[in-house]
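Here are my notes on the nonpolar packing and the aromatic contacts. Please read them with the model open.

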Amino acid sequence: MLALIPALAGAAEVTATLDRDHVQLGETVTLNVRVQGDTGGVAAPDLRALSQDFQLLGTSQNNSLSVINGKASSELTFGVALRPRHVGVLQIPALSVAGERTAPLQLTVAAPNPAAAAATQRDVFMESQVEPAHGYVGQQLTYVVRLYYANRIGGDAPPPPQVDGVEVSALGKGLNYDAERGERTYHVLEQRYALIPQHAGQVEIPPVDFQGEAADPNDPNSFFGATVPVSASAPAQTIEVKPVPADWGGSAWLPARQLSLSLDGWPTAQDAPPRVGQPLNLTMNLQASGLSYEALPALSLPPLDGATVYPDKPVTGNRQDGEWIIGRRQQSFAIVPERAGTLTIPATTLKWWNVLTDKMEVAQIAAHSVTVLPAVGAAAATPAAPAAAVQGEVPAATGAVAAAPSTPWRWIALASLGLWLLSVLAWWLWQRRRRASSMTPPAAVRTSARSGQLAFLAAARGSDPAAQVRTLLAWARAERPAIQHLGELSAALDDVAQRTAIEALQQRHYAAAPSHDAGANLAEAFKRGFAWRAAAADEEPGLPPLYPFKLH
């Protein structure tokens, strides 16, 4: 078993991808098999299972090594150029590499475009395509432009289309592959763009032009620089953009191919139940295919009964899968229970439009409930005594009691009186000693409180709210051991400036509030020590609110 540990630690991760999942018959596609981790001695995969549906045009191998934060990682990539043999949905089976198996893939092969075959009399020509050809306002469409050239050419790549009222952004860095058109082999430069219409109606995409130079195949010296000017133009395209449905309502318009909404971090049955004052950290995730994160709504939780919600800074971003934009929003929350009992987070719903099925759908996070325990050290409620015990009721005398032998009650009464006097004397001596000890605290207690104050003032001048909370509570407990959290400390203070400083500290610690000159204000409020509040004689004992403020 010990001998297997190094092998398990360096186990390789194997993935397989295609540079495109839709091609025309005669075009080539590249299969990339990547091995990450332990790439030493990894052999190329066995490709014989592909020969039935594909013609293998060639293979390549690339090995890379990177070091990030002192940790080295290697990646080995096997590239395989494939040309489909027939039209249809072709399967690329799982391949065995480095002791692992890749996931199977699918490739859709369409019949050749007759219009493209008619253009094969030229050495350079272009194609364009919009997927899909119609959509809604705000929906992402994909515009594809391809440049075909039979001989070596030079010049700038075709520019992106310029369309009024449409946001245009490139999807990836472009693809290079080979294709057959009319029994001729062409090199292809393909670029995809995301189009997001901003208004309804008919949108015209103008032609995209290419100007360059190509080697003259009839000139024997063309290798040394003899060229001829060439040009090509991708045909114009027209798309129909539909408006937002009239009955959509006032919620955000979200036309997407796929949308998911989730809430992670909720305690499971194996986790310890949360307690009052302990933050419950949850993360809400929203992801949509065909929408950028700017179009997604901000994430939030409703006000909760019995808890305060502190949102963290949101995380947003876009990524691409080669054809579609995938937008993502992530929002973390610190939920601080304020009382024991059942804490419930209501269900969260989000309405969106599925552009694949052309109908409305609803993403939902189900309601969650959890039992919150009292804070550590909180006194449990004592049940009321029965009325009979309080009033000193006793059962009525029976004949057995009346028949009991007589007792020297005078001696019992005198003994009880003596014990009562001794109890009063002991209580008076104990109270006197307690007052004396409270007036002159031991040197160890004074030293602990002083060191706690110095540690807090040093932390207050820094920028770490967690360290400030920790050192402030440690200092307070050195003087008042019963203090459990900042809520109790604030309630025990009589100085408004100190309570305000504690409130600002809680907001910085749990809600990431701005902290301009926060350290100086915090140190100034407590530099003379705690201003403890004198307890009122008729004050009922109880647990003060944990966080006496709400975020809005």
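1. The largest nonpolar core holds 30 residues. Within this core, L259, L261, M284 and I335 touch the most other members. Keep in mind that the model is predicted.

2. Which elements build this core? Those giving two or more residues are β21 (258–264), β22 (280–289), β23 (307–311), β25 (325–337), β26 (341–345), β27 (348–354), β28 (359–365) and β29 (368–372). Strand β22 supplies the largest share, five residues.

3. M284 deserves a closer look. Leaving out residues up to four places away in sequence, M284 touches L261, S262 and L263, then L299, S300 and L301. Its other contacts are R329, Q330, Q331, F333, T348 and I365.

4. There is also a second, separate core. This one has 24 residues, among them V42, L50, L95 and L105. As background, nonpolar side chains in soluble globular proteins tend to be buried together.

5. Now the surface. L425, W427, W428, L429 and W430 make a nonpolar patch of about 580 Å². W430 sits in helix α5 (residues 409–439). Is W430 buried, exposed or in between? Its relative accessible area is 48%, so W430 is classed as partly exposed, because that class runs between the 20% and 50% limits.

6. Aromatic pairs come to 15 by the ring-centre rule. Take Y136 and W353. Their ring centres are 5.7 Å apart and their planes meet at 65°, so this pair is edge-to-face; the cut-off for that class is over 60 degrees. Y136 belongs to strand β11 (residues 134–136) and W353 to strand β27, so the pair ties together parts 217 residues apart in sequence. Both partners count as buried: Y136 has 8% relative accessibility, and W353 has 11%.

7. Y148 and Y186 form another edge-to-face pair, with 6.3 Å centre to centre and 85° between the planes. Y148 is in strand β12 (residues 141–149) and Y186 in strand β15 (residues 184–197). The two are 38 residues apart, and the pair links distant parts of the chain. How accessible are these two tyrosines? Y148 is buried at a relative accessible area of 0%, and Y186 is buried at 0%.

8. One further aromatic group should be on your list. F456, W475, F526, F530 and W532 form one aromatic cluster.

Definitions and conventions: Residues numbered from 1 in each chain as written. Predicted model: local features only at pLDDT ≥ 70, side-chain atom pairs only at ≥ 80, totals over all residues. Heavy atoms only, no water. Core = buried A, V, L, I, M, F, W, Y, C linked by side-chain atoms within 4.5 Å. Buried < 20%, exposed > 50% of the residue type's maximum accessible area, 1.4 Å probe, protein only. Helix = DSSP H or I, 4+ residues; strand = E, 2+ residues; numbered from the N terminus. Contact = heavy atoms within 4.5 Å. Patch = residues over 30% accessible without salt bridge, like charges linked within 9 Å, V, L, I, M, F, W, Y side chains within 5 Å. Areas by Shrake-Rupley, 256 points an atom, 1.4 Å probe, with all protein chains shown as cover. Salt bridge = Lys/Arg side-chain N within 4 Å of Asp/Glu carboxyl O. Phe/Tyr/Trp six-rings, centres within 6.5 Å; stacked < 30°, edge-to-face > 60°.
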